[in-house]
Amino acid sequence: FAADPEDCPDNNGNNIVDTSNGAGNVLPWGQDECMLWHHTTPPGAFNEGPRPIAWEAAIDPQTCLPDPNPRLWFGYYDQPGNNATFERVDGSDGTTLDTVDVAWSGLNWGPYGGAVNAAGDFWVIGWQTGPTIRIDGATLQVDNVGAVPNDWFYGMALDQDGDPWVAGLELHHYDTALGSWESFPFVTPFAFRGLQIDTEGRAFIAANSPCGLSVFDTINEVVIDDLVPLAGCSEPVGVSIDVEGYVWVVDTGGWAYKVDPDNYVVVEQVFGLVNPYTYSD
């Protein structure tokens, strides 16, 4: 979908952009002119749908500007066959460029979160017990780096070095230089969901049981704040960091918090969402 109406083609020639603009105006399939393309995944066994999805952030070495047409990675799951399929498509029209099949765990949902590092490699975690894989962006070789015993995987993000951080009952880091996992317990929360890492290396993690926001320094590997309370929180799941550095936490209760990353003050709370179940990769 085009984010800017100026990029939406006037397919029916009526000189206006016909697009959905809210819950009360959702156009029928194929009539929204801001839908630039769609890509159909296989029917039948692939019933879990695509979950991990991430754009490449390619930079033109001559101009140092972003590639105007980055490629897009996504993955889906054949649970009966214990197989995950990952596709890399053309960002302008959704045409498949590469396909990679990987044997998977057999658990529900399969590939759960994904992110692309600066080299163009696609990191993917599986729900609960993994696995965690890296698909080389140039060779398409698959490296399986496993998971962490006695924990379940849920949220994931990459740090400034391209290393994956994964949230579950604890916070886990896969050190690509050492080729090993390390884990970091917290005192108060005993269930984590989504997480994001900002430009200062701070990981902001949605906490459940009790609910709130936990903060971790991924550079020095220390807990900054065990649990920041979010007034009225129900079940925070998704976390995202905007262009100004504010931390957005989406609660399935029907709202989102906008949090100052330095003093943890909630500067805005947006209501009116309907069971918003978001992810954070």
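Does C64 count as buried or exposed, and at what relative accessibility? C64 counts as exposed, because its relative accessibility is 58% and the cut-off for that class is over 50%. The structure discussed in this report is a predicted model.

## Disulfides

A search of the whole structure finds 2 disulfides. When the bonded cysteines are counted along the chain, the disulfides follow the pattern 1-2, 3-4.

One disulfide is formed by C8 and C34, whose sulfur atoms are 2.1 Å apart. This pair links distant parts of the chain, 26 residues apart, with both C8 and C34 in the segment before β1 (53-55). The link of C8 and C34 is right-handed, with 100° about the S-S bond. Both of these cysteines, C8 and C34, are buried.

The other disulfide joins C211 and C233, and here the sulfur atoms are 1.9 Å apart. C211 lies in the loop between β14 and β15, while C233 lies in the loop between β16 and β17 (236-241), so the pair ties together parts that are 22 residues apart in sequence. The link of C211 and C233 is also described as right-handed, with 85° about the S-S bond. C233 counts as buried because its relative accessible area is 16%, and the class of buried residues covers values under 20%.

## The sheet from β13 to β16

An open sheet of 4 strands has the order β13-β14-β15-β16, and its pairing is antiparallel. Its edge strands are β13 (191-197) and β16 (222-228), each of which pairs on one side only. From one strand to the next, the twist averages 20°.

Within this sheet, strand β14 (residues 202-208) pairs with strand β15 (residues 212-217) in the antiparallel sense, over 6 bridges. One of the bridge partners can be named: A207 is matched with G212 in β15. The loop between β14 and β15 is the place where C211 lies, so the disulfide of C211 and C233 has one of its ends between these two strands.

## R193 and its surroundings

R193 is found in strand β13, an edge strand of the sheet just described. Is R193 buried or exposed? R193 is buried, because its relative accessible area is 12% and the cut-off is under 20%.

Leaving aside neighbours within four places in sequence, the residues in contact with R193 include W152, Y154, G155 and A167. Among the other contacts of R193 are A206 and N208, and the range of strand β14 is residues 202-208. R193 is also in contact with E235, P236, V237 and Y277.

## The sheet from β17 to β20

Another open sheet of 4 strands has the order β17-β18-β19-β20, again with antiparallel pairing. The edge strands of this sheet are β17 and β20 (266-271), and each pairs on one side only. Neighbouring strands are turned by 20° against each other on average, direction ignored.

How many bridges join β17 to strand β18? There are 5 bridges between β17 and strand β18 (residues 247-251), which run antiparallel. In β18, the bridge partner of P236 is D251. P236 is also among the residues in contact with R193.

## Salt bridges

The structure holds 8 salt bridges. In one of them, the side chains of R71 and E56 meet at 2.8 Å, N to O. This pair links distant parts of the chain, 15 residues apart, and both R71 and E56 are in the loop between β1 and β2 (72-78). R71 is partly exposed, because its relative accessible area is 32%, whereas E56 counts as buried at 8% relative accessibility.

E56 also meets R88 in a salt bridge, at 3.0 Å from N to O. E56 lies in the loop between β1 and β2 and R88 lies in strand β3 (residues 83-89), so the pair ties together parts that are 32 residues apart in sequence. Both E56 and R88 are buried.

A further salt bridge is formed by the side chains of D143 and R134, at 3.4 Å from N to O. D143 counts as partly exposed at 26% relative accessibility, and R134 is partly exposed with a relative accessible area of 23%. Through shared partners, salt bridges join E56, R71, R88 and D98 into one network.

Note on methods. Residues numbered from 1 in each chain as written. Predicted model: local features only at pLDDT ≥ 70, side-chain atom pairs only at ≥ 80, totals over all residues. Heavy atoms only, no water. Pairing = 2+ DSSP bridges. Axes fitted to C-alpha atoms, helices over the stretch in contact; angles between N-to-C directions. Buried < 20%, exposed > 50% of the residue type's maximum accessible area, 1.4 Å probe, protein only. Contact = heavy atoms within 4.5 Å. Disulfide = S-S within 2.5 Å. Salt bridge = Lys/Arg side-chain N within 4 Å of Asp/Glu carboxyl O.
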